[in-house]
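Hi,

Here is the structure I said I would pass on. Have a look at it first, and my notes follow underneath.

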Amino acid sequence: MINHPIYEKLIEITNKQNVMVDELLSNHTYTRLGGKADILVTPETYEEVQAIVKLANSEMVAFTLLGNGSNLIVKDGGIRGIVMNLKKLSSIQTTSNTIVAGSGARIIDVSREALERRLSGLEFACGIPGSVGGALFMNAGAYGGEIKDVLVSTKVVDPEGNLLTLPVEELEMDYRTSNIPEKKYIVLEATFALQPGEYEQIKEVMDDLTFKRESKQPLEYPSCGSVFKRPPGYFAGKLIQDSALQGKQIGGAQVSLKHAGFIVNKDGATASEYIALIHHVQKTVDEKFGVKLEREVKIIGEDA
């Protein structure tokens, strides 16, 4: 018997196996960083998501959406209250030139589905590590493409637990931003409109982008991906490189030798070491070039 007041109410909403108490979030983040969640819940339906949001509201329990943990750093003290991971909402369905994907599906898998269906438009996403929900959250992009270019609409749950269907125009998407964080929407699914294409041509583009990614990015170590947004008129990686910061290490966190725009968990880093290295990079680049690097990665949770 788990003695947690919310636990019993959560297992009335979703399957018992979907509710974990004192779960280490380092097991659920790409950086392999993060302390414990009081309760981690992985709902399987839209109705369960709505019910959990309404429960958190009625019980006045803190609520955090984790996503799939790719563009995220969770602090060493973990997260209080209910943490929700939507990895089980991962269906991908194709009709004609349209793909509807659950927020927990990997955007890479959606781009592969598009390839198999001979649909063009999502080639740029073949190397983005995050989920569909995370891709909408920050209008993810790469190699000249962005989510807003192919997104038609999304289903979300608002902070009160209401289910809404929103056209892309209402998401105010711009470079690596949307109004989803500000509105505190929980993305449930996305509808993408693509164009018919030739399998070999689509595959050629995806193979080329995959090669570029694998040859340039430090995929052999845990990381949160690209740490900083591109500053106007510059490249973050080049500024960091020109600041002689490649290889700079604090504890187990290191500025990647392969791509200066990445910070890797090279040797059992703590979140505080990783965050300290981010701050050191920002301070050094600002002092050397007068450019303030803005984080693309989100930091949540409590200090240990």
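I'll start with a loop: Arg 118 sits in the one between H3 and E8. Bear in mind throughout that this is a predicted model. What caught my eye about Arg 118 is its positive phi of about 60 degrees, even though it is not a glycine. Its relative accessible area is 46%, so Arg 118 counts as partly exposed, given that the partly exposed class runs between 20% and 50%.

There is another residue like that further along. Ala 244, in the loop between helix H7 (236-242) and strand E16 (249-250), also isn't glycine and has a positive phi, near 60 degrees. Ala 244 counts as exposed because its relative accessibility is 69%, and the cut-off for that is over 50%.

Now for the inside. The largest nonpolar core has 31 residues. Those with the most contacts inside it are Ile 107, Val 110, Val 132, Leu 136, Ile 147, Leu 151 and Phe 192. Several elements each put in at least two residues: strand E7 (98-102), helices H3 (107-116) and H4 (132-137), and strands E11 (151-157) and E13 (186-193). A second core, separate from that one, has 24 residues, including Leu 239, Leu 245, Ala 253 and Leu 293.

Leu 151 is worth clicking on. Apart from its neighbours within four places in sequence, Leu 151 is in contact with Leu 136, Val 168, Leu 171, Met 173, Ala 190, Thr 191 and Phe 192.

And how enclosed is E11 as a strand? Five of its seven residues are buried, so E11 is largely enclosed by the rest of the structure. E11 has two pairings to look at:

- With E13, E11 pairs in the antiparallel sense over six bridges; Val 156 has Val 187 of E13 as its bridge partner.
- With strand E12 (residues 163-167), the sense is again antiparallel, over five bridges, and Val 157 stands opposite Leu 163.

E11 and E12 make a hairpin with five residues between them. In that turn, Gly 161 has a positive phi of about 95 degrees.

Next, Ser 131. You'll find Ser 131 in the loop between strand E8 (119-120) and H4. Is Ser 131 buried or exposed? Its relative accessibility is 4%, so Ser 131 counts as buried; the limit for that is under 20%. The Ser 131 side chain reaches the backbone nitrogen of Gly 134 at 3.1 Å. Not counting residues up to four places away in sequence, Ser 131 touches Asn 68, Ser 103, Gly 104, Ala 105, Arg 106 and Ile 107. Two of those names come up elsewhere: Ile 107 is in the list of residues with the most contacts inside the largest core, and Arg 106 belongs to a pocket lining.

That pocket is the second largest, with a volume of about 180 Å³. Which residues line the second largest pocket? They are Tyr 30, Arg 106, Ile 108, Arg 112, Leu 115, Cys 126, Pro 129, Met 206, Asp 207, Thr 210, Arg 213 and Glu 214. H3 and helix H6 (199-216) each supply at least two residues of this lining, and H6 gives the largest share, with five. H3 therefore turns up twice in these notes, here in the pocket lining and earlier as a supplier of the largest core.

Cheers

Key
Residues are numbered from 1 along each chain as its sequence is written. This is a predicted model: local features need pLDDT of at least 70, side-chain atom pairs count only at pLDDT 80 or more; totals for chains, interfaces and linings use all residues. Side-chain values use heavy atoms; hydrogens and water are left out. A nonpolar core is a set of buried Ala, Val, Leu, Ile, Met, Phe, Trp, Tyr and Cys residues joined through side-chain atoms within 4.5 Å. Buried means under 20% relative accessible area, exposed over 50%, partly exposed in between (1.4 Å probe, protein chains only). Helices (H or I, at least four residues) and strands (E, at least two) are DSSP runs, numbered from the N terminus. Contact means heavy atoms within 4.5 Å. Two strands pair if DSSP finds at least two bridges between them. A polar contact is a pair of N or O atoms within 3.5 Å; within protein, one must be able to donate a hydrogen and the other to accept it, and residues adjacent in sequence count only if both atoms are side-chain atoms. On a 1 Å grid over the protein atoms alone, a cavity is a set of points where a 1.4 Å probe fits but cannot get out, and a pocket is an open set with protein on both sides within 12 Å along at least five of seven lines; lining residues have an atom within 4 Å of a point. Grid points are joined across faces, edges and corners, and a volume is the space filled by probe spheres set on the points.
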